[in-house]
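I opened a fresh notebook page for this model and set down what I looked up, in the order in which I looked.

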Amino acid sequence: MTQQNVAEAGGVILSLDQVHDASVGGKAYGLARLVGMGLAVPPAFVIRDARRGAYPEDLDEHHRALGNTTVAVRSSAQGEDGAEASFAGQYETVLGVADGHELRDAIDRCVASAATERARSYQADTLEGGSVSMNVVVQRMVDAAAAGVVFTADPVSARRDLLVIDAVAGLGEALVSGEATPDHYGVTLDGRVVGRELVGDAALLSDEQIMEIAQQARAAADREVQEARRTLAVEKERLAREATDHHNTAVAETKRLVEEAEQRAAAAEDRATAATQQANANRSATTTRSSTEPMPTTAWKRNQASRAPRAPTKPM
């Protein structure tokens, strides 16, 4: 399908196992990576290059495949959640979407959020004015008793031996929006829960739940480290090959230039030798001709001969 056809169709739907890079945005790629790690991720699909007012023909089919439940519709723009910017709060998220009509409206809201004045200003500051391709994640919602975020390193102290969990009751939207204050848990490498800070009288998470979250998060972090090391090793190998190729190319080019210089010098020497030989041959020919030809009789010599005394003639 051409890019024009994709635009006319309102994008293309991909399952999470079809997502292999961040071309569909950071959120979709992050979910796909979690699935690849074997973590429990609610089923979802991604609409690549979503368009307002235009929808993929198989949208309803994929929607039904998520089950008879509400879904969350979230933006996943290119450049979002990157190394230099997160676009947190800039794009739209719609929760509790129940039917096809609401789904289409939510997709339109996500796409439109990329064109708001606030989002465009942020794009200009962080993406150097580049255009934004909006992708949309549609994911089955979970009736959560508690939700939150986990950091495999303490974001305050930067301690890598301390994992941090922040959790709120219900959906995590209240946490990321700042509407609710979370329970806070710290977990050491040996599995001890430390620094337990509770908002209510009872903890939202049991010790068993905390341990399960910590184990999964650290397993995911370890896998990311291993993947980063593999990527680094591949990159080092590529750079080494390029350096070797550049070296070999430079050596070959130097050899070629030297050979060309030697050839030019040899040609110049040959021309000089030929010129010298020709000059010597010309001089030799001139000397030989001069020694074999009679000297010309000059007028002076003829005049001197006419003046010489003649012997007397005897009388007959």
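In which strand is the place of Phe151? I found Phe151 in strand 6, residues 146-151, where strands are DSSP runs of E with at least two residues, helices are runs of H or I with at least four, and both are numbered from the N terminus.

I noted that this is a predicted model, in which local features need pLDDT of at least 70 and side-chain atom pairs count only at pLDDT 80 or more, while totals for chains, interfaces and linings use all residues. Residues are numbered from 1 along each chain as its sequence is written, and side-chain values use heavy atoms, with hydrogens and water left out.

Entry on the whole chain. I recorded 8 helices and 9 strands in the protein chain, and of its 316 residues 26% count as buried, meaning under 20% relative accessible area with a 1.4 Å probe and protein chains only, whereas exposed means over 50% and partly exposed lies in between.

Entry on Phe151. I noted that Phe151 counts as partly exposed because its relative accessibility is 32%. Together with Val149 and Val176, Phe151 makes a nonpolar surface patch of about 230 Å²; such patches join nonpolar side chains (Val, Leu, Ile, Met, Phe, Trp, Tyr) within 5 Å, from residues with over 30% relative accessible area and no salt bridge, that is, no side-chain nitrogen of Lys or Arg within 4 Å of a carboxyl oxygen of Asp or Glu. The areas come from the Shrake-Rupley method with a 1.4 Å probe, and for residues only the protein chains shown count as cover.

Entry on the core. I then turned to the largest nonpolar core, a set of buried Ala, Val, Leu, Ile, Met, Phe, Trp, Tyr and Cys residues joined through side-chain atoms within 4.5 Å. Of its 21 residues, Ile47, Val73, Ile107, Val136 and Val138 touch the most other members. Elements that each supply at least two residues include strand 2 (44-48), strand 3 (71-75) and strand 5 (136-140), but helix 4 gives the most, with 5 residues.

Entry on strand 2. Why is strand 2 largely enclosed by the rest of the structure? I found that 4 of its 5 residues are buried, so strand 2 is largely enclosed. Strand 2 pairs with strand 1 (residues 12-15) in the antiparallel sense over 4 bridges, pairing being called when DSSP finds at least two bridges, and Ser15 stands opposite Phe45. Strand 2 also runs antiparallel to strand 5, joined by 4 bridges, and there Phe45 stands opposite Val138.

Notes: Patches are made of residues with over 30% relative accessible area and no salt bridge: like charges are joined within 9 Å, nonpolar side chains (Val, Leu, Ile, Met, Phe, Trp, Tyr) within 5 Å.
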